[in-house]
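Please follow the chain through this model one region at a time, with the sequence and the coordinates side by side. The paragraphs below begin at a single loop residue and then move on to the sheet, the cores, the cavity and some contacts between distant parts of the sequence.

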Amino acid sequence: MTNSNRTWIMAKVPTGALEEDCFELIEQDIPKPKEGEVLLRNLYFSCDPTQLGWMNGSADYMEPVKIGQAMKASAVAQVVESNNPQYKNGDIVSGLLGWSEYWLSDGRDLMGGPLSHVGGQVPIPVSMGLLHITGFSAYFGLLDLGKPLPGDTVFVSGAAGAVGSVAGQIAKIAGCKVIGTAGTDEKCTWVKDELGFDDCINYKTENIPQRLKAFAPTGIDIYFDNVGGQILDDALAQLANGARVVLCGGISGYEKPQPGPSNMMMLALRRATISGFIVIDYMSQFATAGARMGEWYASGKLKSKEDIVEGFENAPAALKGLFTGDNMGKRLIHIADPQ
Ligand SMILES: NC(=O)c1ccc[n+]([C@@H]2O[C@H](COP(=O)([O-])OP(=O)(O)OC[C@H]3O[C@@H](n4cnc5c(N)ncnc54)[C@H](OP(=O)(O)O)[C@@H]3O)[C@@H](O)[C@H]2O)c1
């Protein structure tokens, strides 16, 4: 083990598009854990669109990253030196950590909760996407707010992304007819052929209103929104009576605010509801959801795809790539393997 520890700090607050010069790479000595502390070696970082909101302060459920501080990410790490009785050398743990190769913790993560032990029943990448925040967002957003019934027509935007790919698959498990949107033909083919969606619209090249009318002549029962903007407006125009619109995310407006939807009156005309959620509010039910989704995964009903960028040095580019549609499935950054 060398004595050097690299960290990506936030160098400036993004004011529009996320640019790589918002980060700066610094090099320091690897810290020594004091009594009660553990030294962690980061193995994987999760890439999440909401990290932009942690930088510019728009995601106000989280203390924003300050200039000069390590960028925050959901991470899986290995304990390399422990002076804390709760953790022993070699343990694999997860939590909100900093974008560093090595990270010092007093046993808590950056949200203040204890570092969680990672069980090892599924590969680490699966435990970070399908069976973690993005998978649980799909699960609770669709089942708790969307309330799917067999035969419902479900529309999912961002269908080839981490949340959308799982939301559509759970809707299929619930017996629904599912259509998605994605930004390339390759993504649409994957969503249909591998994940079992009934159809998928390339929102960059196809006419969404026409495609939705053809797919759902009597209207959409559930719209699971990951992107906001024009696609949300198009979905509102095609709602069925009693439809449920689930606001999970609005990535089209994260870098540059989008005009509000012009079809809001459709909620009244269709006696529809629109509801948003932040998945951490369901934390007390994560274990139950994880057990159920784990069974679906083990039986092949639910597929997981990870889009893994190699190398700590590529973290800024990997995060930026979410906003240009580089990823298919759950984007992670791989830093090291467990020893
Ligand atoms: N409410 C919650 O608690 C919660 C939790 C997790 C995530 N979320 C939200 O859920 C959404 C999906 O997150 P994720 O982690 O699964 O990310 P993701 O979908 O894996 O990655 C982002 C994707 O968004 C698409 N995209 C980028 N710019 C776009 C635009 N202008 N219009 C339409 N699509 C665009 C890209 O795919 P294309 O190639 O298809 O454009 C890109 O691959 C995000 O909005 C995120 O903030 C919410």
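In this predicted model, R271 has a relative accessible area of 65% and is therefore classed as exposed, since the exposed class begins over 50%. R271 belongs to the loop that runs between α8 (265–269) and β13, and its phi angle is near 50°, a positive value in a residue other than glycine. A positive phi in a non-glycine residue is also found at K147, where the angle is near 45°; K147 sits in the loop between α3 and β8.

The strands that follow these two loops, β13 and β8, both belong to an open sheet of 6 strands, in which the order is β10-β9-β8-β11-β12-β13 and the pairing is parallel. Because β10 (199–202) and β13 (273–276) each have a single partner strand, they form the edges of the sheet, and one side of each is left without a neighbour there. From one strand to the next the twist averages 15°.

Within this sheet, β8 (residues 153–156) and β9 (residues 177–182) are paired in the parallel sense over 4 bridges. The register of the pair can be followed at two positions: V154 stands opposite V178 in β9, and V156 stands opposite G180 in β9. In a regular strand, side chains alternate between the two faces of the sheet. As for β9 itself, 5 of its 6 residues are buried, so the strand is largely enclosed by the rest of the structure.

Two helices can be placed against the sheet. Helix α3 (residues 133–146) lies across β8, β11 (220–225), β12 (239–247) and β13, and its direction is at about 145° to that of β11. Helix α7 (residues 229–237) also packs on the sheet, where it touches β8, β9, β11 and β12, and it makes an angle of about 155° with the direction of β12.

Which residues have the most contacts inside the largest nonpolar core? They are F140, V154, I170, V191 and M293, in a core that has 39 residues. At least two residues of this core are supplied by each of α3, β8, α4 (162–173), β9, α5 (185–193), β11 and α9 (286–298), and the largest share, 6 residues, comes from α3. I170 gives a detailed view of this packing, for when residues up to four places away in sequence are not counted, it touches A138, Y139, L142, L143, M293, W296 and L302. Separate from this assembly is a second core of 37 residues, whose members include M10, L40, A77 and V309.

A search of the whole structure for cavities of 30 Å³ or more finds 1, and the largest cavity holds about 70 Å³ of space. Its lining is made up of G129, L130, T134, A162, S165, V166, Q169, K303, S304, K305, G329 and K330. The element that gives the most to this lining is α4, with 4 residues.

Some residues that lie far apart in sequence are brought together in space, and D337 and Q78 are one example: 259 residues separate them in sequence, whereas their C-alpha atoms are 9.0 Å apart. D337 is in the segment after β15 (330–334), and because its relative accessibility is 46%, it counts as partly exposed. Q78, by contrast, is found in strand β4 (residues 72–82) and is buried, with a relative accessible area of 5%. Leaving out residues up to four places away in sequence, Q78 touches L39, L40, R41, L43, G90, D91, I92, P338 and Q339; among these contacts, L40 is also a member of the second core.

A further pair of this kind is formed by P49 and L319, which are 270 residues apart in sequence and 7.6 Å apart from C-alpha to C-alpha. P49 is located in the loop between β3 (38–46) and α1 (50–56), and with a relative accessibility of 26% it counts as partly exposed. Apart from its neighbours within four places in sequence, P49 is in contact with I251, Y254, L322 and F323.

Terms used:
Residues are numbered from 1 along each chain as its sequence is written. This is a predicted model: local features need pLDDT of at least 70, side-chain atom pairs count only at pLDDT 80 or more; totals for chains, interfaces and linings use all residues. Side-chain values use heavy atoms; hydrogens and water are left out. Two strands pair if DSSP finds at least two bridges between them. Axes are lines fitted to C-alpha atoms, for helices over the stretch in contact, and angles run from 0 to 180 degrees between N-to-C directions. Contact means heavy atoms within 4.5 Å. A nonpolar core is a set of buried Ala, Val, Leu, Ile, Met, Phe, Trp, Tyr and Cys residues joined through side-chain atoms within 4.5 Å. Buried means under 20% relative accessible area, exposed over 50%, partly exposed in between (1.4 Å probe, protein chains only). On a 1 Å grid over the protein atoms alone, a cavity is a set of points where a 1.4 Å probe fits but cannot get out, and a pocket is an open set with protein on both sides within 12 Å along at least five of seven lines; lining residues have an atom within 4 Å of a point. Grid points are joined across faces, edges and corners, and a volume is the space filled by probe spheres set on the points.
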